Amino acid sequence: MSLLVVNISDMKSSACAADILVTYSLGSCLGVTAYDPVARVGGLIHCLLPNAVGAREKSRRNPFTFVNTGVAMMVRKLIDRGAEKHRLVFKAAGGANMRNDTLFNTGARNFQELERLLGRNRVKLAAHDVGGTKPRTVFLYMDSGRVVVRSRGEESEL
Amino acid sequence: MTRKQEILHRAERILLLPACTQKALQLLDSPEADSEDLARLIEFDPGLTANLLKIVNASRFDAPVCSVRDAVGAFGSGMIIQFFVSTGVVPFYVQKIEGYDLAPHMLMQSSVTAALCAEELGRALGMGVPGHTYTSALLAGVGKLILGAYVKVEARPILDLAAREGIGFDEAEDRILGINHAEVGAWLLERWRVPGPIVRVVRHHLRPELCPQVDPVLDLVHAGMVMSKMIGLGLGADGLNYIPSRVVIDRLGLTPEVADRVSAEVVERLGPLNDLFLECADTNCLL
């Protein structure tokens, strides 16, 4: 078994059943998994911000920073590794906000951007655990596509 | 004895800043001291000397600085305070902080992130960045160390109260412990004789509107703390349970667009700086 760690503004993919993809420290950031249960190809992305408006250069350098460019790029990489687009199962976690925050709302904006992107592509999220004020860690088990969210020592399956 | 007195009593017996760092901070706070005194103090300690030369030379592309005296001259007193506080505090910061569910290095990660956010925000808003901005942000969370690692308070009841009443984690700390971690941190830094402007920022960084004076460094550190929590690096059990100050955000003129740009910038900058601090905390370091 190997643990592949996905950093902030990063994405990792795998086609190896023994791998587990993990991303720690999801605050307002959004973690999105995509998994093809037939090809057993999957990926996990940790997006910092919703979109690259006003930061085009940054999105060229690292598209995984942003939900709109990052998730699209992850899907392309998974297809390159043998996944079929229509079979991909998407799940999301993270997108927390500061308490009483009515200004930045970064977590909510990240999730809205994902919903917009998936809606445009007529894809539905299979499950999500977003919002609130808690930090989250997300695991994607490549043998089954199981997604587990850990927060404050408690684990739950998405 | 109240819970607050009990906490401070226990903390008093546990934590000590390295003697050399304490002496250096006293020197830096004294108007009579000169850079020669400071250089002499550092030269007595091979670990500090090596670290200082390493850090000064890390940002130079011309001839390397080879003596402590030249390094002190090149750095200036603001950066020297930063150096002493960072090297003196880092060994404490890399330990596990059980009460707040922070694995080793996590407090360091979140503190460095907050410090970079505060600096980068100042630049993005065209405010200029006073020398002690970085150090103040780096030290802002030091009270968690005392409460979580030494006094071993449990975060769970504090979190439950915060959730139940819709209040910030610090306010819930106040209600349950009689004191919050910002105040505990300021108390510790006063004992360490850290310069007053830094202590003031640490004391008020969670509720800056309660500070008796408007301080741009405090505003930057508060906003930097908020942004670092949103970025998420080194988040503990307290998570994002803090309330951003509307007064500060309006005073800074901080918009979501600026905050996004700064966050992206900071995440890019984080890698090498984290490495630098972790190197300083290496067990081989003679501090």
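Tutor: Let's begin with a term: a cavity is a set of grid points where a 1.4 Å probe fits but cannot get out. Keep in mind that this is a predicted model.

Student: Thanks! How many cavities of 30 Å³ or more does the structure hold?

Tutor: A cavity has to be closed to the probe, so open sets are left out of this count. With 30 Å³ as the lower limit, the number of cavities in the structure is two.

Student: Which helices of chain B each supply at least two residues of the lining of the largest cavity?

Tutor: That cavity holds about 180 Å³ of space. Its lining has 18 residues, and those nearest the centre are Ser110(B), Gly141(B), Lys144(B), Met225(B) and Lys229(B). By class, the lining comprises 10 nonpolar, six polar and two charged residues. The helices you asked for are H6 (106–124) and H13 (216–231) of chain B.

Student: And the second largest cavity: which elements give two or more residues to its lining?

Tutor: This one has about 60 Å³ of space. Its lining includes Ser28(A), Leu48(A), Leu49(A) and Thr106(A) from chain A, along with Met227(B), Met230(B), Ala259(B) and Ser263(B), among others, from chain B. The elements giving two or more residues are, in chain B, H13 and helix H15 (256–280).

Student: How do the residues of that lining divide by class?

Tutor: Leu48(A) and Met227(B) are among the lining residues, and both Leu and Met count as nonpolar. Asp260(B) also lines the cavity, and Asp counts as charged. The full division is six nonpolar, three polar and one charged.

Student: Moving to helix packing, is H1(B) oblique or roughly parallel to H11(B)?

Tutor: The axes of H1 (residues 3–14) and H11 (residues 181–191) of chain B come within 11 Å and cross at roughly 40°. Angles under 35 degrees would count as roughly parallel, so this pair falls outside that class. That crossing angle makes H1(B), relative to H11(B), oblique.

Student: Which residues of H11(B) does H1(B) meet?

Tutor: H1(B) passes H11(B) in a right-handed crossing. On the H1(B) side, the residues are Lys4(B), Leu8(B), Ala11(B) and Glu12(B), and their partners in H11(B) are Glu183(B), Trp187(B) and Arg191(B).

Student: What about H11(B) and H12(B): is the crossing left-handed or right-handed?

Tutor: H11(B) and H12 (residues 196–204) of chain B pack at about 165°, with axes 7 Å apart. That makes H11(B) roughly antiparallel to H12(B). The crossing of these two helices is left-handed.

Methods: Residues numbered from 1 in each chain as written. Chains lettered and ligands numbered in written order. Predicted model: local features only at pLDDT ≥ 70, side-chain atom pairs only at ≥ 80, totals over all residues. Heavy atoms only, no water. 1 Å grid on protein atoms, 1.4 Å probe; cavity = no way out; pocket = protein on both sides within 12 Å on 5 of 7 lines; lining within 4 Å. Points joined across faces, edges and corners; volume = space filled by probe spheres on them. Helix = DSSP H or I, 4+ residues; strand = E, 2+ residues; numbered from the N terminus. Axes fitted to C-alpha atoms, helices over the stretch in contact; angles between N-to-C directions. Parallel < 35°, antiparallel > 145°, perpendicular 65-115°, else oblique. Left-handed = near helix turned anticlockwise from the far one by under 90°. Contact = heavy atoms within 4.5 Å.
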